[in-house]
Amino acid sequence: AVNVTVSNPVTQTPYGGSAWPIPGKIEAENYDRGGQNVAFNETTTANQGGAYRTGEAVDVEPCTDNGGGFNVGYIVEGEWLEYTVKVASSGTYNLAVSVAATSSGKTFHMEIDGSNLTGTLTVPN
């Protein structure tokens, strides 16, 4: 027989301590806490952007858009981020995202509880 004891199970919690309100704005770099395969999946071991949450592998870099801030970059197939949200009431909501790509043919989608809500969305070059 093998006995396994987990002394510090990894839990997923919202970054900043509270679920993000929907409707509302969620900054991509404010993905949940919990680490690899819990709150995110990242194929590299270091933050290639070198900014914001530098102790984690998600690639966050300074944003060059008006207003500054940060963005998540260097994204490749299979990577994902999770956010804990609190939806104010059931209904239909509009999704607006700010995206960019270094080449054509890039895509993404949004899910809630594992259900693909948007289908495949194409990112313009």
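Biologist: Leaving aside its neighbours within four places in sequence, which residues is Glu42 in contact with?
Modeller: This is a predicted model. Glu42 is found in a loop, and that loop runs between strand S2 (40–41) and strand S3 (60–62). With neighbours within four places in sequence set aside, the residues in contact with Glu42 are Gln36, Ala57, Val58, Asp59 and Glu79.

Biologist: Which side chain of opposite charge is nearest to Glu42, and how far away is that side chain?
Modeller: Glu42 is buried, yet has no salt bridge. A salt bridge needs a nitrogen and a carboxyl oxygen within 4 Å. The nearest side chain of opposite charge is that of Arg53, at 12 Å.

Biologist: Which residue's side chain is joined to that of Glu42 by a polar contact?
Modeller: The contact in question has a length of 2.8 Å. It links the side chain of Glu42 to that of Thr44.

Biologist: Where is the partner of Arg53 in a salt bridge, and is that partner buried or exposed?
Modeller: A search of the whole structure finds two salt bridges. In one of them the side chain of Arg53 meets that of Glu56, at 2.9 Å from N to O. Arg53 is buried, and the partner, Glu56, is also buried.

Biologist: How far apart are the closest N and O atoms in the salt bridge of Lys25 with Glu27?
Modeller: Lys25 has a relative accessibility of 65%, so Lys25 counts as exposed. Glu27 is partly exposed, at 30% relative accessible area. Between Lys25 and Glu27, the closest N and O atoms lie apart by 3.3 Å.

Biologist: Which residues make up the largest nonpolar core?
Modeller: Two of the residues in this core are Tyr31, buried at 0% relative accessibility, and Phe40, buried with a relative accessible area of 3%. Val60, also in the core, is in contact with residues including Tyr31 and Val72. The core has seven residues: Tyr31, Ala39, Phe40, Ala57, Val58, Val60 and Val72.

Biologist: Why is the pair of Tyr31 and Phe40 given the geometry it has, stacked or edge-to-face?
Modeller: The structure holds three aromatic pairs. The ring centres of Tyr31 and Phe40 are 5.5 Å apart, and their planes stand at 80°. Planes over 60 degrees apart count as edge-to-face. The pair of Tyr31 and Phe40 is therefore edge-to-face.

Biologist: Which residues form one aromatic cluster?
Modeller: Two residues of this cluster, Tyr52 and Phe70, are among those in contact with Val60. The cluster is formed by Tyr15, Tyr52 and Phe70.

Technical notes:
Residues numbered from 1 in each chain as written. Predicted model: local features only at pLDDT ≥ 70, side-chain atom pairs only at ≥ 80, totals over all residues. Heavy atoms only, no water. Helix = DSSP H or I, 4+ residues; strand = E, 2+ residues; numbered from the N terminus. Buried < 20%, exposed > 50% of the residue type's maximum accessible area, 1.4 Å probe, protein only. Lys, Arg positive; Asp, Glu negative; His and termini not counted. Polar contact = N/O pair within 3.5 Å; in protein donor to acceptor, adjacent residues only side chain to side chain. Contact = heavy atoms within 4.5 Å. Core = buried A, V, L, I, M, F, W, Y, C linked by side-chain atoms within 4.5 Å. Phe/Tyr/Trp six-rings, centres within 6.5 Å; stacked < 30°, edge-to-face > 60°.
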